[in-house]
Amino acid sequence: MMPRGVERNIDVSALGPPEPLVLTLAAAERLQPGEFLRMHHRMKPCHLYGELECRGYGHDTRRTVDGMCEVFIWRQGDEVAAAAAQDAAQALAAWPAN
């Protein structure tokens, strides 16, 4: 049986730039093996994705029923965290393509 991942949460929805980016990257750096980060924001954080990819993180962006954005983040190569993040993300609708 595969170990279960652990969800960590950060809500940056009330913050202005650059705090959501800075705080999310700091929270991602603290992830331990098997953990993923669920970031809650009021909008799609376009500047975040390039930073995540450069630092070796996978991500999946979803939309909540009230139109908010949730980004699921995990370390690339951490299969437990990736599977747990993708399981959690599937409960929400995909973020619409631009």
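These legends describe views of a predicted protein model.

**View 1. The whole protein and the order of its elements.**
The predicted model contains 3 helices and 5 strands. Read from the N terminus, the elements follow the order β-α-β-α-β-β-α-β. The radius of gyration is 13 Å, close to the 13 Å given by the globule rule for 98 residues, so the protein is as compact as a globular protein of that length. Along the principal axes, the C-alpha atoms fill a box of roughly 40 × 25 × 20 Å. Among contacts with a separation of 6 or more, 65% are between residues 24 or more positions apart.

**View 2. The surface and charges of the protein.**
The protein exposes about 5700 Å², and carbon and sulfur atoms supply 54% of this area. Of its 98 residues, 45% count as buried. There are 10 positive and 13 negative charges, and the mean positions of the two groups are 2 Å apart.

**View 3. The largest nonpolar core, with Leu37 and Ile73.**
This core has 16 residues, and Leu37 and Ile73 are those with the most contacts inside it. The elements that each give two or more residues to this core are α1 (19-29), β2 (35-41), α2 (46-54) and β4 (69-75). A second, separate core has 10 residues, including Trp74, Ala81, Ala88 and Leu92.

**View 4. The surroundings of isoleucine 73.**
Residues up to four places away in sequence are not counted in this view. Beyond them, isoleucine 73 touches Thr24, Ala28, Leu31, Phe36 and Leu37, among others. The list of residues touched by isoleucine 73 also includes Leu48, Leu52, Tyr57, Gly58 and His59. Isoleucine 73 is also one of the two residues with the most contacts inside the largest nonpolar core.

**View 5. Valine 12 in the loop between β1 and α1.**
Valine 12 is found in the loop that lies between β1 (6-11) and α1. Its relative accessible area is 0%, under the 20% limit, so valine 12 is buried. Apart from neighbours within four places in sequence, valine 12 is in contact with Pro20, Thr24, Met39, His40, His41 and Arg42. Thr24 is also among the residues that isoleucine 73 touches. Glycine 34 is 22 residues from valine 12 in sequence, and their C-alpha atoms are 23 Å apart in space.

**View 6. The cis peptide bond between proline 17 and proline 18.**
Proline 17 and proline 18 are joined by a cis peptide bond, with omega about 5°. Proline 18 lies in the loop between β1 and α1, the loop in which valine 12 is also found.

**View 7. Alanine 93 in strand β5.**
Strand β5 covers residues 93-94 and includes alanine 93. The relative accessibility of alanine 93 is 45%, so this residue counts as partly exposed, a class that lies between the 20% and 50% limits. Not counting residues up to four places away in sequence, alanine 93 touches Arg62 and Arg63. Isoleucine 10 is 83 residues from alanine 93 in sequence, and the two are 19 Å apart in space, C-alpha to C-alpha.

**View 8. Alanine 94 and its contacts.**
Alanine 94 is placed in strand β5. At 55% relative accessibility, over the 50% limit, alanine 94 counts as exposed. With residues up to four places away in sequence left out, alanine 94 touches Thr61, Arg62 and Arg63. Alanine 94 and arginine 62 are 32 residues apart in sequence, while their C-alpha atoms are 4.7 Å apart in space. Arg62 and Arg63 are also touched by alanine 93.

Terms used
Residues numbered from 1 in each chain as written. Predicted model: local features only at pLDDT ≥ 70, side-chain atom pairs only at ≥ 80, totals over all residues. Heavy atoms only, no water. Helix = DSSP H or I, 4+ residues; strand = E, 2+ residues; numbered from the N terminus. Rg over C-alpha atoms; globule rule 2.2 N^0.38 Å. Buried < 20%, exposed > 50% of the residue type's maximum accessible area, 1.4 Å probe, protein only. Contact = heavy atoms within 4.5 Å. Areas by Shrake-Rupley, 256 points an atom, 1.4 Å probe, with all protein chains shown as cover. Lys, Arg positive; Asp, Glu negative; His and termini not counted. Charge placed at Lys NZ, Arg CZ, Asp CG, Glu CD. Core = buried A, V, L, I, M, F, W, Y, C linked by side-chain atoms within 4.5 Å.
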